[in-house]
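Please walk through this structure with me, beginning with a pair of charged side chains and moving from there to the chains and their interior.

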Amino acid sequence: MFSEQAAPTAQGLLAPPSAEPPTFPRVPVSGYSDCSQPFQLGERSFSRQYAHIYAVRLAGMRPGLERRARSRWGTDISLRKLSELQAGEKCCVVGTLFKAMQLQPSILQEISEEHNLVPQPPLPKYIQPSDELILEDELQRIKLEGAIDVQRLVTGTILAVYGSEQDDGRFLVEDHCLADVPPPLPWNGPSSDRFVLLASGLGLGSVSGEALLSTQLLVDVVTGQLGAEGEQSCAAHITRVILAGNLLSQNTQSRDTINKAKYLTKKTQAASVEAVKMLDEILLQLCTSVPVDVMPGEFDPTNYTLPQQPLHRCMLPLASAYATLRLVTNPYQADLDGVRFLGTSGQNISDIFKYSSMDDYLEILEWTLLAGHISPTAPDTLGCYPFYKSDPFILTECPHVYFCGNAPRFQSKLLQGKEGQRVLLVTVPDFSATQTACLVNLRDLTCQPITFSGFGADSED
Amino acid sequence: MADELYLENIDEFVTDQNGVVTYKWLSYTLGVHVNQAKQMLYDYVERKRKENSGAQLHVTYLVAGNLLQNGHVCHKVAVVREDKLEAMKSKLSTIASVHVYSIQKALLKDSSPLYNTDYDIVKTNLQHCSKFSAIRCAAAVPRTPPDAPRAPASAQSPQRQRDPDAAGAVNGHGPSAAKPPPQQHKGIMGMFAAKAASKPQDTHKEAKAEAKEAPGVSAASSKPPTKNNIMNNFFGKAAMNKLKVNSVPEQPKEEKEVVKPSVAVAEPESSPNTVAQKPGKKTESARIQQKDKKSKTKRADRSDDEEERDPENVKKKRKRIKQLQSDSSDEEDVPPSPTPEEERAPSPPPVPALKTELEPASTEGSAGGRKRKRKRVLKSKMFIDEEEGCMGKTG
């Protein structure tokens, strides 16, 4: 794909210098529009409770779910609220799911003195067989049992259940459905090969320098310094680079300055300062050659709650001098050359991973698309801004490329929806661990991983 | 010919300096297109190997191509040592590019020297890092300065135009590669420095104006310059020296002009307006006075004539004092100010004698002059503070 056209001239540079080496112009951006306004917060006020976000989420998704329920179980089914339930009557209820988990970290338990609990160490998964599902609507809640996979679902999902209320007060589920893939967007993609490079988890500032050469090789390929002429001309078709979070490594997050005595940390600099300087230089090299969108991630110097606001340009003085640098939010939505991209830096997927039996990041990514919501577990277990007017994480239209960053490995899948939707699902791997980035071809929605490596003392490559 | 020249260059770098020559390093050093650099390296290796001169050359190659991995076709880009080149090429199903990555004399254990060489050369050429690249991006233009908003820019631009030299001299900030932060620095510092430089001129202007206007108005107008004096302390000894130099010729000038009292009045009068700053200054000034003397003596040592200076100051103080005494002493802040100033025990021998005579009024008069010196000391105190901090660490 990327390199087939390059093959003929592969060995061309193993020769004495030729007269005029060609330079290739970067394919210009034909259409770009940033659609992440819902994720940009202006004035922020945290005085509201989180109940409002659940209320608007349910109100926003209820119509779509009712339509889905009717199309699935018949138009004559009765849609009831929980307060209208009658014992034994088969009906359909739309509500928010709550999963009661014993192992879920609770701050109240931690600080409670009567329990005398040592704070629970972070576990990879918090699920247990004894977890229970509860459906809540605007006024009441009811326990669910029956044909529903308790382990797989997570808190905050809006779903429709079909069944009947039992005498013991529980709801016996016969079938349930999620919101399904949102309505499709028209396709205006390019007719020639155009690539977008997706990379995440650069992890600058980490103690080990193994990934540094790979990062440099990545920059060199994109800016057209590396490779023979064929490869360079292919690289000129990379129209954009999206860095999906975790530009800084987790090591830069040390909180020594808070824990240690002042006299020990007086003249020490935060590790993130050096790392951000390195990031600035790398971004400068990229920005002089290609438009770059930088999304913040879990370990980046921005706010913790979703939606994460863009990094401030004062941290990147060299790179922000160029108009090709765009500092964007997490999640990020944009139209690139007529193709709608939507993606996050991976916090939403990894949070669902912790509270669900699903193990595969791609499976979880697909599941969030089917559930119609980017991050159902926010604000329960994932920090979120207390929205009250509308929930911006509800998926109202189906993107063409849906990605998540910082996944353990690269995976991609082209999903076909019932209404003609075509979505490319991509899990972008953590670059500092895998030295792999993704190249998405906008023409045919295919994705290819690109791996970089140097040589070590005992490597066999 | 240029052809042979590059061969000699590479030869020099590799054999004499025993360094790692990567294609990128060569490209920046010789100012050639990256592809030409790669070809030059290849050419050099070929010729050297033909010559069989005995010097061992180790070469690393870049190989890129398609690889079947985990069920999908992965594009692999790898830097390999020469001995592993064929192995890597055989692994790839399609080869997209092969070229020389670097030449060095020593056998490399791992690729970190390559990274280091590239990092260093890019760091020194950050401003034109895509100059020799094979891809040109038309959209990559620096943002025009108005796009990068700097709030103080508009406020201080008129002053900057007035005193660009003063700002440059005081700041010592040269224009640097990264534009926005140093310019902002320059802007903010320049604003204060410009105000500092313009302050003597301002006081001249205001002195003339005050002759006509009521003191109240002049107090208001003198407030900014006084404030600037307080804040100027934080900037550069150069600023202080400049102020000092300005104030010393100022004083003789003021002696000649009749507007002296208004100036002296203006400054103490302005302090009621800056009462908030005064108490803060007083607590510092108590300690400052001691250091004030120290710094004064220091400065006196720096300039040759210690005794000349003191009598001068004393004289000026005397003259000021007399004029202040003649005016009505209805400045409320003046009585409080003697208390910290009376603590200025360690003063040069001739001065205390005069001081005891003119104590209450001397403080008034010196309030104006002392104010300036107090400000100076405020700034030098900061230096001592920093020194103590450093000494505390080392000691």
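In this predicted model, the side chains of A:Arg152 and A:Glu363 meet in a salt bridge, with 2.9 Å from N to O. The two partners come from distant parts of the chain, 211 residues apart, since A:Arg152 sits in the loop between strand 5 (141-146) and strand 6 (158-165) of chain A, while A:Glu363 belongs to helix 9 of chain A. Both ends of the pair retain some accessibility: A:Arg152 is partly exposed, with a relative accessible area of 28%, and A:Glu363 counts as partly exposed at 30%.

Helix 9 of chain A also carries A:Glu366, and this residue pairs with A:Lys413 in strand 15 (residues 411-416) of chain A, so that parts 47 residues apart in sequence are tied together. The closest N and O atoms of that salt bridge are 2.8 Å apart. Its two ends differ in burial, because A:Glu366, at 17% relative accessibility, falls under the 20% limit and counts as buried, whereas A:Lys413 is partly exposed with a relative accessible area of 32%.

A further salt bridge, between the side chains of A:Asp220 and B:Lys24, has an N to O distance of 2.8 Å. A:Asp220 lies in helix 3 of chain A and B:Lys24 in helix 2 (residues 23-30) of chain B, so this pair joins two chains. Both A:Asp220 and B:Lys24 are buried. Elsewhere, A:Arg62, A:Glu66 and A:Glu138 are linked in a network of salt bridges, and over all chains the count of salt bridges comes to 30. As a general point, side chains of opposite charge can pair when their charged atoms come close.

The two chains can now be set side by side. Chain A has 10 helices and 18 strands, and 55% of its 461 residues count as buried. Chain B has 16 helices and five strands, with buried residues making up 48% of its 395 residues. Chain A exposes about 19,000 Å², of which carbon and sulfur atoms supply 51%; for chain B the accessible surface comes to about 19,200 Å², and 56% of that belongs to carbon and sulfur atoms. Among contacts in chain A between residues at least 6 apart in sequence, 74% join residues at least 24 apart, and for chain B the corresponding figure is 74%.

Turning to the interior, the largest nonpolar core has 88 residues, and those with the most contacts inside it include A:Leu283, A:Val292 and B:Tyr101. The largest share of this core, nine residues, comes from helix 7 (residues 271-287) of chain A. Of the 17 residues in helix 7 of chain A, 12 are buried, so the helix is largely enclosed by the rest of the structure; among these buried residues are A:Ala275, A:Leu279, A:Leu283 and A:Cys287. They pack against helix 3 (210-223), strand 9 (238-244), strand 10 (292-295) and strand 11 (325-327) of chain A, together with helix 5 (112-124) of chain B. The length of helix 7 of chain A also fits expectation, because its 17 residues at 1.5 Å a residue should span 24 Å, and its end C-alpha atoms are 24 Å apart.

A:Val292 gives a closer view of this region: leaving aside residues up to four places away in sequence, A:Val292 touches A:Val241, A:Leu243, A:Leu283, A:Leu286, A:Cys287, A:Thr324, A:Leu325 and A:Arg326. Apart from this core lies another, of 52 residues, among them A:Leu82, A:Leu135, A:Ile352 and A:Phe387.

Nonpolar side chains appear on the surface as well, where A:Ile107, A:Leu108 and A:Ile111 form a patch with about 350 Å² of accessible area together. A:Ile111, in helix 2 (residues 107-111) of chain A, is exposed, with a relative accessible area of 60%.

Some details of the backbone remain. Most residues other than glycine have a negative phi, and most peptide bonds are trans. The peptide bond from A:Leu306 to A:Pro307 is cis, with omega near -10 degrees, and A:Pro307 lies in the loop between strand 10 and strand 11 of chain A. The bond from A:Ala378 to A:Pro379 is also cis, with omega near 0 degrees. A:Asn406, in strand 14 of chain A, has a positive phi near 60 degrees and counts as buried at 16% relative accessibility.

How values were computed. Residues are numbered from 1 along each chain as its sequence is written. Chains are lettered from A and ligands numbered from 1 in the order in which they are written. This is a predicted model: local features need pLDDT of at least 70, side-chain atom pairs count only at pLDDT 80 or more; totals for chains, interfaces and linings use all residues. Side-chain values use heavy atoms; hydrogens and water are left out. A nonpolar core is a set of buried Ala, Val, Leu, Ile, Met, Phe, Trp, Tyr and Cys residues joined through side-chain atoms within 4.5 Å. Buried means under 20% relative accessible area, exposed over 50%, partly exposed in between (1.4 Å probe, protein chains only). Helices (H or I, at least four residues) and strands (E, at least two) are DSSP runs, numbered from the N terminus. Contact means heavy atoms within 4.5 Å. The expected span of a helix is 1.5 Å times one less than its number of residues. Patches are made of residues with over 30% relative accessible area and no salt bridge: like charges are joined within 9 Å, nonpolar side chains (Val, Leu, Ile, Met, Phe, Trp, Tyr) within 5 Å. Accessible areas come from the Shrake-Rupley method with a 1.4 Å probe; for residues, only the protein chains shown count as cover. A salt bridge is a side-chain nitrogen of Lys or Arg within 4 Å of a carboxyl oxygen of Asp or Glu.
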